[in-house]
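Okay, thanks for having me, everyone. Let me put the model up, and then we'll walk through it together.

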Amino acid sequence: MTLKDKIAELPSDIKPSFGTDLRDMQEDIYYYFTELDQFEVLKVEQTGNADQMIAAACLSTMQDPIFKIMVAHTWQRHLAFDEHWSEFETVEGGIIFRFLTWDDEYVSGEISFERAKLEVQ
């Protein structure tokens, strides 16, 4: 199921978020992923697209399976509203985390995680 499909399944009275909610989500993504060891936030932007309102890019040296556990935990504990959906997709060079969260309005987006090797000192 795609993010667009998931948005289409939402009740018709749930509309896209805008303004403060999107700015808050941008700030929260930046803050919570910056706070994690082995994560560096490269960008968090609003797209203007209702199918993907937030686009973020991060660099991570954390390895699986801990990586996915940390991302999912951060999402569920600090970012998602009561109702939410997310998925991971492995792509060349990294992982894309797509998300949708809603109550009266919804916020959708994706975070691209570029995977890097941890430098040994």
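Quick warm-up: in which loop is D37 found? D37 is found in the loop between α2 and β2. Helices and strands here are DSSP runs, H or I of at least four residues for helices and E of at least two for strands, numbered from the N terminus. As for burial, D37 counts as exposed, at 62% relative accessibility. My cut-offs there: buried is under 20% relative accessible area, exposed is over 50%, and partly exposed is in between, with a 1.4 Å probe and protein chains only. And if you want a distance from that loop residue, the C-alpha atoms of D37 and V71 are separated by 12 Å, with their positions 34 residues apart along the chain.

Some housekeeping. This is a predicted model, so local features need pLDDT of at least 70 and side-chain atom pairs count only at pLDDT 80 or more, while totals for chains, interfaces and linings use all residues. Residues are numbered from 1 along each chain as its sequence is written, and side-chain values use heavy atoms, with hydrogens and water left out.

Now the overall picture. The protein chain has three helices and six strands, and along the sequence they follow the pattern α-β-α-β-β-α-β-β-β. The C-alpha trace spans about 55 × 30 × 25 Å along its principal axes. The radius of gyration is 14 Å, which agrees with the value near 14 Å for a compact globule of 121 residues; that's taken over C-alpha atoms, and the globule rule is 2.2 Å times the number of residues to the power 0.38. Of the 121 residues, 39% count as buried. And for contacts, meaning heavy atoms within 4.5 Å, take the ones between residues at least 6 apart in sequence: 53% of those join residues at least 24 apart.

Next, the inside. Nonpolar side chains tend to be buried together in soluble globular proteins. So how many residues does the largest nonpolar core have? It has 32, and those with the most contacts inside it are I29, F33, I54, I111 and F113. By nonpolar core I mean a set of buried Ala, Val, Leu, Ile, Met, Phe, Trp, Tyr and Cys residues joined through side-chain atoms within 4.5 Å. At least two core residues come from each of α1, α2, β2, β3, α3, β5 and β6, and β5 gives the most, with five.

F33 takes us to the aromatics. Rings of Phe, Tyr and Trp (the six-membered ring for Trp) pair if their centres lie within 6.5 Å; planes under 30 degrees apart are stacked, over 60 edge-to-face, and the rest tilted. That rule gives ten aromatic pairs. Take F33 and F39: the ring centres are 5.9 Å apart and the planes sit at 50 degrees, so this pair is tilted. F33 is buried at 1% relative accessibility, and F39 is buried too, at 8%. Ring pairs link F33, F39, F67 and F113 into a cluster.

F67 also has a charge over its ring: the charged end of R115 sits there, 4.1 Å from the centre. The test is NZ of Lys or CZ of Arg within 6 Å of the ring centre and within 35 degrees of the ring normal.

R115 has a second job on my list, a salt bridge with D64 at 3.8 Å, N to O. The rule is a side-chain nitrogen of Lys or Arg within 4 Å of a carboxyl oxygen of Asp or Glu. D64 lies in the loop between β3 and α3 and R115 in strand β6, so the pair ties together parts 51 residues apart in sequence. Both residues are partly exposed, D64 at 43% and R115 at 23%.

The whole structure has seven salt bridges. K4 and D51 form one at 3.8 Å, linking helix α1 to the loop between β2 and β3, 47 residues apart. E87, E89, R98 and E110 are linked in a network of salt bridges.

Last one, K6, in helix α1. Buried or exposed? K6 is buried, at 19%, and its side chain meets that of E9 in a salt bridge of 3.5 Å. Leaving out residues up to four places away in sequence, K6 touches M1, W85 and L100.
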